Amino acid sequence: MTLKTGSFLGMANDIKARDEKIIIFGTGVIGMTVVPEILKENGLIERVEGCIDNDSSRWNSDVIIGGKEVKIYDPDIIKTKSSRLVVLITISRFFSAFEQLKSLVGDKDISCYIIPIMCITNFHTNSSCGVIKTTDKPI
């Protein structure tokens, strides 16, 4: 599994170039409000194959992503998917979600983007007077 970052446009171009389908990990606020807008703006709605969530009460229900009805699955569904797949992690506990995905996909060539981190860097502007600082040290 490959962890990727960058601009939303760069992500969209990469997904299109690799002809990947999209799985959204997390059906909370970011996954159901922010991500659909990012996908719609970048012409990726048709690539959404479904959502996965660790909340079993949500499994097998349908949600609307950018006007497209998709199903919410148990994360184990990832085991049955092909390598032409990208997972958008939308939850705040993204490290544990990434570790969970790694254990499910094995050696499959699957791309993974951590959307909350990408939102920080993509929505940041110099006019906001905020400064993004990075560190090589673990938090």
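Which residues of helix 4 (residues 115–123) are buried? In this predicted model, the buried positions of helix 4 include Ile115, Pro116, Met118 and Cys119. Because these residues cover an arc of only 155° around the axis, they are placed on the same side of helix 4. An α-helix has 3.6 residues a turn, so residues three or four places apart point the same way. The elements against which the buried residues of helix 4 pack are helix 1 (8–17), helix 2 (29–41), strand 6 (85–89) and strand 7 (111–114). With respect to the strands, helix 4 lies across strand 6 and strand 7, and runs at about 55° to strand 7.

Strand 6 and strand 7 belong to an open sheet of seven strands, which follow one another in the order 1-7-6-2-3-5-4 with mixed pairing. The edges of the sheet are occupied by strand 1 (2–4) and strand 4 (62–65), each of which has a single partner strand, so that one side of each is left without a neighbour in the sheet. On average, and with direction ignored, neighbouring strands of this sheet are turned by 30° against each other.

At the edge formed by strand 1, the pairing with strand 7 is in the parallel sense and extends over three bridges; within strand 7, Ser111 is the bridge partner of Thr2. Helix 3 (residues 94–105) also packs on the sheet, where it touches strand 1, strand 2 (21–25), strand 3 (48–52), strand 6 and strand 7. The direction of helix 3 makes about 155° with that of strand 6.

Technical notes
Residues numbered from 1 in each chain as written. Predicted model: local features only at pLDDT ≥ 70, side-chain atom pairs only at ≥ 80, totals over all residues. Heavy atoms only, no water. Buried < 20%, exposed > 50% of the residue type's maximum accessible area, 1.4 Å probe, protein only. Helix = DSSP H or I, 4+ residues; strand = E, 2+ residues; numbered from the N terminus. Arc of directions from axis to C-beta. Contact = heavy atoms within 4.5 Å. Pairing = 2+ DSSP bridges. Axes fitted to C-alpha atoms, helices over the stretch in contact; angles between N-to-C directions.
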